[in-house]
Amino acid sequence: MKHNAVLNVDVEKGKINKNIYGHFAEHLGRCIYEGIWVGEDSPIPNTKGIRNDVLEALKNINVPVLRWPGGCFADEYHWKDGVGPRESRKRMVNTHWGGVVENNHFGTHEFMLLCELLECEPYICGNVGSGTVQEMSEWVEYMTFKGESPMANWRRENGRDEAWSLKYFGVGNENWGCGGNMRPEYYSDLYRRYQTYVRNYDGNNIYKIAGGANIDDYNWTEVLMRESARFMDGLSLHYYTIPGDFWLGKGSATGFPEDEWFITMKKALHIDELISKHSTIMDKYDPEKRIGMIIDEWGTWFDVEQGTNPGFLYQQNTIRDALVAGVHFHIFHDHSDRVQMTNIAQTVNVLQAMILTEGEKMILTPTYHVFEMYKVHQDATKLALDAKVDSYEYNGEKIPQVSLSASKNNEGTTHVSLCNLDHKNDASVDLDIRGLNTSEVTITGRILTASTIDAHNTFENPENIKPEAFNGFTLDGDTLSISLPPMAVVVLAIK
Ligand code: AHR
């Protein structure tokens with residue numbers, strides 16, 4: 001199918017906040033333990049307990065911000081159990097995720113170390129569901145107070161003299177569900193109360209994020225904005241792409257039927273409508289768009305891999321996940337005036353992961369490769385791109401066949417990313433480039449694609465899918481004609 005688009009390189013549409021490319025790591029299954037934390041005595045090479053291979057891989061995608069410790073785990077987490085000598089830390093049950101023992105070896109100090117090593121911003125989610133105001137308040141004091149205070153002194157006793165800088169703090173998670181089954185009116189009042197004691201110490205300015213709606217619960221957003229907007233900097237939203245039914249069967253990550261490819265693409269695109277409708281409510285109370293929409297959980301959610309603990313949410317990751325990531329980013333770019341941060345669920349071994357590990361082995365997923373290819377958009381200026389896109393039809397249903405987005409970085413390089421969502425047909429895009437002397441440009445490209453709908457990397461074949469050089473384009477005057485094979489993510493650099 002043929003599509004047309006006009007790219008105005010000299011028409012800027014605001015900045016794409018790099019935090020749109022954020023991540024989320026929960027104490028869930030093998031995300032933190034095994035996936036990130038192996039302990040200092042592990043034979044797996046590590047830096048103070050954090051595995052080096054995962055660290056290096058994550059550095060390579062410029063993780064801007066990392067959310068921790070949950071998720072549902074956050075509202076059962078008592079941070080004091082996770083500081084002090086590791087041997088004497090409390091062993092608790094991770095009731096939410098598999099009922100396994102949580103030895104608290106990865107706590108505040110270890111998380112902050114991880115963020116320092118990744119050079120990313122920490123985003124900590126506090127416990128409203130089962131924690132006290134005092135506990136939350138003291139956590140912030142422990143981390144950020146520079147002078148003498150009970151919590152700052154305790155931090156020093158535990159080996160950290162300097163206060164950490166902490167910008168992002170979430171006041172609870174999914175408080176409509178695992179975070180306390182609250183009604184929005186009740187949570188809104190609790191939010192106001194808890195956040196009062198999340199203090200800004202010594203010039204550390206906290207960006208406070210209120211627990212937001214699930215999917216299309218517009219009433220939650222309405223109540224939170226109406227009652228508590230002036231006390232928040234961000235309001236979250238959670239949306240997972242699930243081809244099937246959450247309770248009856250979500251669908252398999254691999255070996256899925258053809259129609260589930262289409263359904264997955266359609267459901268991924270649905271985030272656009274959700275963002276628009278929640279934004280409209282936010283606009284009513286915050287027309288200046290001071291408050292950020294923080295989509296701190298998104299991604300695919302499939303049935304767990306056979307033979308794995310159902311509470312560990314371990315799933316494979318295919319070219320389909322790569323397309324889901326690509327279209328999400330384009331939609332996030334389009335809403336970058338309101339969407340200030342997003343965090344894919346989750347970093348390692350859980351849901352739509354960047355990385356899978358097995359003992360000392362590690363593989364990078366197709367989703368990882370999209371994050372790596374798209375890192376050029378981080379903090380870049382979004383460019384005006386008007387596209388006339390034809391449909392991809394399946395069983396009488398239609399969605400756009402291609403999705404595209406463009407940005408310009410500080411060096412003046414323009415990047416255009418394109419996704420062909422169609423699992424069977426090529427797509428041709430004629431891009432009319434304006435505002436640039438095209439006779440003087442050099443264009444290079446990279447592509448991530450596959451020949452089967454569930455192509456993925458395995459520990460035996462870790463490089464089955466990886467980005468390759470792409471030269472499926474021609475420039476004739478100001479028209480760049482691009483040929484995309486089915487199921488492809490492409491990034492072009494125009495210098
Ligand atoms: O990411 C997995 C879980 O999904 C999180 O813990 C929870 O917030 C959401 O329901």
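**Exercise 1.** State how many helices and strands make up the secondary structure of the protein chain, and determine how its radius of gyration stands against the globule rule.

*Solution.* In this predicted model, the secondary structure of the protein chain comprises nine helices and 26 strands. The radius of gyration is 22 Å, and the globule rule gives 23 Å for 495 residues. The two values are close, so the chain is as compact as a globular protein of that length. Along the principal axes, the C-alpha atoms occupy a box of roughly 70 × 50 × 45 Å.

**Exercise 2.** Describe the burial, the contacts and the surface of the protein chain.

*Solution.* Begin with burial, for which the cut-off is under 20% relative accessible area: 60% of the 495 residues meet it. Turn next to contacts between residues at least 6 apart in sequence; 76% of these join residues at least 24 apart. The exposed area is about 19,100 Å², of which carbon and sulfur atoms supply 46%. Finally, consider charge: there are 46 positive and 69 negative side chains, and the centres of the two sets lie 4 Å apart.

**Exercise 3.** Establish which residues of helix α1 are buried and which elements they pack against.

*Solution.* Helix α1 spans residues 52–59, and its buried residues are Val54, Leu55, Ala57 and Leu58. Viewed down the axis of α1, these buried residues fall within an arc of 165 degrees, so they line one face of the helix. An α-helix has 3.6 residues a turn, so residues three or four places apart point the same way. The partners of the buried residues of α1 include the strands β3 (46–47), β4 (50–51), β14 (355–358) and β15 (361–364). Helices α2 (108–118) and α9 (366–374) also pack against them.

Definitions and conventions: Residues are numbered from 1 along each chain as its sequence is written. This is a predicted model: local features need pLDDT of at least 70, side-chain atom pairs count only at pLDDT 80 or more; totals for chains, interfaces and linings use all residues. Side-chain values use heavy atoms; hydrogens and water are left out. Buried means under 20% relative accessible area, exposed over 50%, partly exposed in between (1.4 Å probe, protein chains only). Helices (H or I, at least four residues) and strands (E, at least two) are DSSP runs, numbered from the N terminus. The arc is that of the directions from the helix axis to the C-beta atoms. Contact means heavy atoms within 4.5 Å. The radius of gyration is taken over C-alpha atoms; the globule rule is 2.2 Å times the number of residues to the power 0.38. Accessible areas come from the Shrake-Rupley method with a 1.4 Å probe; for residues, only the protein chains shown count as cover. Lys and Arg count as positive and Asp and Glu as negative; His and the chain ends are not counted. The place of a charge is taken as NZ of Lys, CZ of Arg, CG of Asp or CD of Glu.
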